[in-house]
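Welcome to the tour! Open your viewer, get comfortable, and follow along one selection at a time.

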Amino acid sequence: MAIDPNEKFSRILTIALGVCAIAFGIVGFDVSNLTPLLAALLLFAVVIAPRASIPLPGTDIALTFSDACIYLAFLFYGGPTAILFAGIETTANCIYLYYRKGFRFQPYMVPFNIALNVVSFTAAYLIWTILPSTRLVTGPFGSVQHLIVTLGTISVLHFVIASSWLSFIRAKNRLSEAYRSWRKDFSSRAMMHIVGAGLAALVYMLATYGDILTAVISAVGIAIVYFSYRRSVQDLKEAMLETEAAQKEKAETERMLRREAEVYASELAASLESQERANIALRKSEQNFQHAALHDALTGLANRKLFHEKLMDRIAAYRSDNTAAYHVLFLDLSRFKNINDSLGHTIGDKVLSIAARRFLRLVTPADMVARLGGDEFAIVLKGPSTAAKAKKVAQRIHSSISQPFSLSGNRISISVNIGIAPADMEYTTPEEVLRDADIAMNYAKAQRESVALFTRDLRTRFLERVRLEMDLSHAIERGELSMSYQPLVRITDGKLLGFESLLRWNHGEFGNIPPARFIPIAEDSGLIIPITKWILRETTDQMAEWRKISAETRDILVSVNISGKHLSSEDLVYDIECALERSKLAPEALKLEITESTAMDNPEFTLKLLKDLKRLGVQLSLDDFGTGYSSLSILHKLPFDTIKIDRSFVSGVGPNGEDSEILQTIVSLAKNLRMKVIAEGIETQAQLSVLKHLGCDYGQGYLLAKPMTAAKAEAALYAGRTWLPYQAAENGNSTNAELDRSDISVF
Ligand code: C2E
Ligand code: MG
Ligand code: MG
């Protein structure tokens with residue numbers, strides 16, 4: 001380490017002064033002082049004193065015998081000898097520290113230390129010589145008074161000079177700093193010098209005034225005190241070390257506990273934080289869950305549950321105050337199933353979302369739109385005051401939803417049927433209101449209207465319909481269904497082509513129910529499929545039997561009406577195969593009647609299906625022709641064997657054959673398409689004559705024969721009945737009127 005130049009100077013100055021002081025000591029040294037006692041004292045100072053230090057517990061100060069040696073030398077041999085002793089003793093101390101304690105001295109430090117001790121003692125000695133105190137001492141040399149004054153003065157001066165000078169050097173010559181440093185580092189060391197002086201005085205007095213025995217006893221005593229003190233200091237030191245170690249351990253434990261507490265606290269904070277996060281997530285998921293529980297995931301509209309809740313509020317409000325009107329709209333998207341089937345569910349979902357948005361646009365925030373499921377929606381309108389106003393809103397919704405739009409390159413147009421249920425005191429639950437709105441919607445659908453308002457009459461009809469539907473599902477097993485047969489006759493010669501089978505339902509409670517009432521119910525409910533399977537079994541079995549009656553009946557056929565529902569089911573071909581296989585009826589003896597409107601609903605599908613049916617060998621007839629807007633370009637592709645002209649065109653022909661132009665057109669069209677023509681609903685001779693004249697192949701109508709029970713038909717077959725009215729008269733056979741009378745009761 002580089003030494004400050006000032007300090008270096010001070011040290012060198014001190015060393016120089018030390019050299020002077022030693023020189024002073026040498027000059028003043030009396031050779032006669034070289035006695036064994038001096039040698040012993042010197043030996044003690046050099047060998048024992050550096051080792052025999054007594055550290056003061058709790059301080060960095062150690063009491064040594066070095067100063068005592070210097071003061072003893074002074075007492076026995078005077079100042080110059082003591083000055084040399086100070087030099088020798090300091091040198092011995094430095095050597096001891098260097099070799100035994102591994103102390104590393106800075107440059108100049110050893111000579112400086114020696115010089116400092118020598119100079120300070122010399123200065124103390126010189127000052128003492130000139131102090132009046134020396135003269136004030138009245139006692140003889142070596143007396144207690146003399147020793148106290150002398151050694152007290154010298155030891156204090158020795159200490160003050162040495163410590164002040166050293167503080168001055170360390171404080172880089174600044175006085176105030178020097179004083180602070182002195183107070184801090186040296187003031188406590190004054191004791192060492194005083195104790196050293198006291199020790200020297202004690203030894204001196206023992207050596208001078210005591211006998212040998214006292215000296216020995218005193219020396220032994222001092223040694224005992226010294227060693228016990230050393231021992232107790234050692235014990236104290238060990239105890240302090242132990243306490244220190246215990247304190248350290250305690251501090252370490254506390255530190256660890258603090259650390260653990262800190263870790264625990266931060267873990268606790270982290271866990272609280274994550275718990276808080278989990279709580280927030282939980283609350284959020286609870287909210288999401290609640291939202292999901294009350295809303296439709298696809299459209300975001302309220303779901304049935306939420307709708308019911310809101311509607312319940314409206315019902316309650318209206319019941320307590322009938323000015324709080326409301327109207328419930330039940331909406332059903334028409335043709336939505338087609339979109340789903342033909343364009344896929346993804347497009348279907350988008351269509352539903354678009355519909356939902358359009359509904360929302362047309363209502364006020366006080367109203368509520370909900371998706372009840374599938375393509376069914378409901379709206380509860382707050383107000384309006386009259387049903388007519390509610391109808392206007394519904395019509396606006398209808399025209400908005402009917403606006404075509406594009407989706408993934410597809411031009412899509414949808415429509416909606418809307419039923420409206422106005423508020424009514426009789427409603428107590430949302431289900432009742434929705435049921436009536438649904439009834440109105442179904443009515444609108446059946447009437448092909450966009451909007452219908454609920455009335456109680458509608459409900460009565462609806463309930464009837466529900467009752468009929470339920471009863472119809474048990475009609476086969478209850479034996480209430482039967483087949484009626486109406487002859488199909490060749491117009492030119494009255495030859496029997498076969499029969500059209502017509503379903504009859506003799507209801508256990510209501511009696512005969514006309515097909516026009518129950519067939520639509522059977523079609524809507526899907527019951528028509530199992531019923532047609534039953535009809536196919538009945539009629540094919542019947543025909544197989546009748547064809548065996550005679551040569552005239554060998555080629556007759558049965559014509560079975562097939563509904564659109566059954567046509568679009570995958571089972572039809574299979575059901576027919578089964579019926580034919582079971583009855584062993586020749587396939588060409590079975591004709592299937594498909595109405596024009598059904599056939600033209602989906603012509604591509606119809607074409608494929610008809611081809612499959614043709615492969616079975618059965619015949620096909622296009623029923624009710626003229627009512628279904630056939631496209632001629634498609635018609636010629638469809639493999640029909642016959643066209644049945646709808647009754648309405650036949651009944652329009654007057655008694656003199658007027659208004660037969662359409663009939664003429666249809667007949668010639670059929671001929672061009674190479675199809676046979678059957679005219680339905682022939683009731684008059686004039687109609688028959690016109691048809692014969694036009695070249696119509698076959699006829700069916702009350703004029704020829706009304707539909708009859710299987711038993712009647714069978715009887716007619718056995719009787720070989722003729723079917724043209726004039727033939728009957730000519731041949732004297734039983735008349736149509738006679739035969740038909742029995743069937744009239746069926747209606
Ligand atoms: P459709 O297939 O066109 O059957 C002819 C209807 O015209 C029958 O009525 C028949 O009784 C009636 N009819 C025949 N000649 C005359 C006539 O000269 N004057 C009048 N006013 N009517 C005549 P029906 O039996 O009441 O059947 C009505 C409709 O019900 C049928 O029309 C057919 O569409 C349907 N239907 C009847 N039976 C069945 C069936 O077994 N299955 C299916 N799917 N539909 C059937
Ligand atoms: Mg028919
Ligand atoms: Mg018909």
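Which residue bridges the magnesium ion (ligand 2) and the magnesium ion (ligand 3)? Select Asp623: this residue bridges the two ions, which lie 3.8 Å apart.

Some ground rules before we go on. This is a predicted model, in which local features need pLDDT of at least 70, side-chain atom pairs count only at pLDDT 80 or more, and totals for chains, interfaces and linings use all residues. Residues are numbered from 1 along each chain as its sequence is written, chains are lettered from A and ligands numbered from 1 in the order in which they are written, and side-chain values use heavy atoms, with hydrogens and water left out.

**Stop 1: the magnesium ion (ligand 2)**

Show the side chains of Glu500 (OE), Asn561 (OD1), Glu593 (OE) and Asp623 (OD), which coordinate the magnesium ion (ligand 2) at 2.0 to 2.3 Å. Donors here are N, O and S atoms within 2.8 Å of the metal (3.2 Å for Na, K and Ca); water is not among the atoms, so sites may look incomplete. Now colour strand E11 (residues 496-507), home of Glu500, and strand E13 (residues 557-561), home of Asn561; the pair therefore ties together parts that are 61 residues apart in sequence. Helices (H or I, at least four residues) and strands (E, at least two) are DSSP runs, numbered from the N terminus.

Is Glu500 buried or exposed? Glu500 counts as buried, at 4% relative accessibility, while Asn561 counts as partly exposed, at 28%. Buried means under 20% relative accessible area, exposed over 50%, and partly exposed in between (1.4 Å probe, protein chains only).

**Stop 2: the magnesium ion (ligand 3)**

Next, select Asp623 (OD), Asp624 (OD) and Glu680, which donates through OE twice; these donors lie 1.9 to 2.7 Å from the magnesium ion (ligand 3). Asp624 sits in strand E15 (residues 619-625), and Glu680 is in the loop between strand E17 (676-679) and helix H26 (685-694). These two residues are 56 residues apart and link distant parts of the chain. Asp624 is partly exposed, with a relative accessible area of 22%, whereas Glu680 is buried, at 9%.

**Stop 3: the whole chain**

Finally, zoom out and switch to a cartoon view. You can look for 29 helices and 19 strands. The radius of gyration, taken over C-alpha atoms, is 67 Å. The globule rule (2.2 Å times the number of residues to the power 0.38) gives 27 Å for 747 residues, so the chain is more spread out than a compact globule. Turn the C-alpha trace along its principal axes, where it spans about 200 × 65 × 50 Å. Buried residues make up 43% of the 747 residues.
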